[in-house]
Amino acid sequence: MKDLGDALSSLVSQTNGDASVVFLENAAREIEVGIHEFEYESTQPVIFDIYAAHIPEENSQFSRIGDVLDYEYLIDALNHVIGSGRFELLEQIANELLDIILDPVQVIGGSVKISKADVPGVAGSLGCCITRLKK
């Protein structure tokens, strides 16, 4: 399996370099998530890395917000999804985020990496990464 960077690089190269990527990295949130008994009715630190590959409109001068994909929509998507309630699986969150991230017309693909940062008995983090191309 390719790592996230390789997947995004591959996606951009498939567009002959016409695509670019906006991102939100290291977005820390305290959320309720998990299937284990100790994870219910408590929050835990979770880190989100969200990427959206897009092709700018033709003749874009990259000098106005209208010329680019406003990356703040990634923050809005994250806040919307995690504000909708408790999740059992990180994969559920990632897929709901991708549904929103892939919505803008110019977006051709996206990746969401989610890491639980403080898992008891684990040195490091655990999580998932889902990458999806627009169909």
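**Entry 1: a serine in the sheet**

Is Ser111 buried or exposed? I looked this up first, in what is a predicted model. At 0% relative accessibility, Ser111 counts as buried, because the cut-off for that word is under 20%. I then located Ser111 in the chain and found that it belongs to strand β3. Its side chain is not without a polar partner: a polar contact of 2.6 Å joins it to the side chain of Thr131.

**Entry 2: overall layout**

I next listed the elements of the protein chain. There are three helices and four strands. Read from the N terminus, their order is α-β-β-α-α-β-β. Of the 135 residues in the protein chain, buried residues make up 39%. I also looked up how far along the sequence the contacts reach. Among contacts between residues at least 6 apart in sequence, 63% join residues at least 24 apart.

**Entry 3: the sheet**

How are the strands of the sheet ordered? I recorded an open sheet of four strands, in the order β1-β2-β3-β4, with antiparallel pairing. Strands β1 (20-31) and β4 (126-133) are the edge strands, and each pairs on one side only. From one strand to the next, the twist averages 10°.

I then went through two of the pairings. Strands β1 and β2 pair in the antiparallel sense over 10 bridges. In this pairing, Leu24 has Ile50 of β2 as its bridge partner. Strand β2 (residues 44-54) is also joined to β3 (residues 107-116), by nine bridges, and these two strands run antiparallel. Here Ile50 has Val112 of β3 as its bridge partner. Ile50 is thus bridged to Leu24 and to Val112. Elsewhere in β2, Val46 stands opposite Lys116 of β3. Strand β2 is mostly covered, with nine of its 11 residues buried.

**Entry 4: two residues of β1**

I picked Ala28, which lies in strand β1. With neighbours within four places in sequence set aside, Ala28 is in contact with Val46 and Ile47. I also compared its position with that of Ser115, 87 residues away along the chain: the two C-alpha atoms are separated by 9.5 Å.

Asn26 is found in strand β1. Its phi is near 55°, which is a positive value in a residue other than glycine. At 59% relative accessibility, Asn26 counts as exposed, because the cut-off for that word is over 50%.

**Entry 5: a residue of the loop**

Where is Glu41 found? I placed Glu41 in the loop between β1 and β2. Glu41 also has a positive phi, near 60°, and is a residue other than glycine. With 77% relative accessibility, Glu41 counts as exposed.

**Entry 6: the two sides of helix α2**

Which residues of α2 are buried? I noted Tyr73, Leu74, Ala77, Leu78, Val81 and Ile82. Around the axis they cover an arc of only 155°, so they lie on the same side of α2. The spacing has a general basis: an α-helix has 3.6 residues a turn, so residues three or four places apart point the same way. On the other side of α2, I found Asp76 and His80 exposed. The buried residues of the helix pack against β1, β2, α3 and β3.

**Entry 7: helices against the sheet, and the core**

I returned to the sheet to see what covers it. Strand β2 is joined to β3 by nine bridges, and helix α2 (residues 72-82) packs on the sheet, touching β1, β2 and β3. The direction of α2 makes about 35° with that of β1. Helix α3 (residues 90-101) also packs on the sheet, where it touches β1, β2, β3 and β4. Its direction makes about 30° with that of β4.

Which residues touch the most other members of the largest nonpolar core? This core has 29 residues, and the ones I noted are Phe48, Ile50, Ile93 and Leu97. At least two residues of this core come from each of β1, β2, α2, α3, β3 and β4.

I finished with Leu97. Not counting residues up to four places away in sequence, Leu97 touches Phe48, Ile50, Ala77, Leu78, Val81 and Val112. Among these, Ala77, Leu78 and Val81 are buried residues of α2, and Val112 is the bridge partner of Ile50 in β3.

Conventions
Residues are numbered from 1 along each chain as its sequence is written. This is a predicted model: local features need pLDDT of at least 70, side-chain atom pairs count only at pLDDT 80 or more; totals for chains, interfaces and linings use all residues. Side-chain values use heavy atoms; hydrogens and water are left out. Two strands pair if DSSP finds at least two bridges between them. Axes are lines fitted to C-alpha atoms, for helices over the stretch in contact, and angles run from 0 to 180 degrees between N-to-C directions. Contact means heavy atoms within 4.5 Å. Buried means under 20% relative accessible area, exposed over 50%, partly exposed in between (1.4 Å probe, protein chains only). A polar contact is a pair of N or O atoms within 3.5 Å; within protein, one must be able to donate a hydrogen and the other to accept it, and residues adjacent in sequence count only if both atoms are side-chain atoms. The arc is that of the directions from the helix axis to the C-beta atoms. A nonpolar core is a set of buried Ala, Val, Leu, Ile, Met, Phe, Trp, Tyr and Cys residues joined through side-chain atoms within 4.5 Å.
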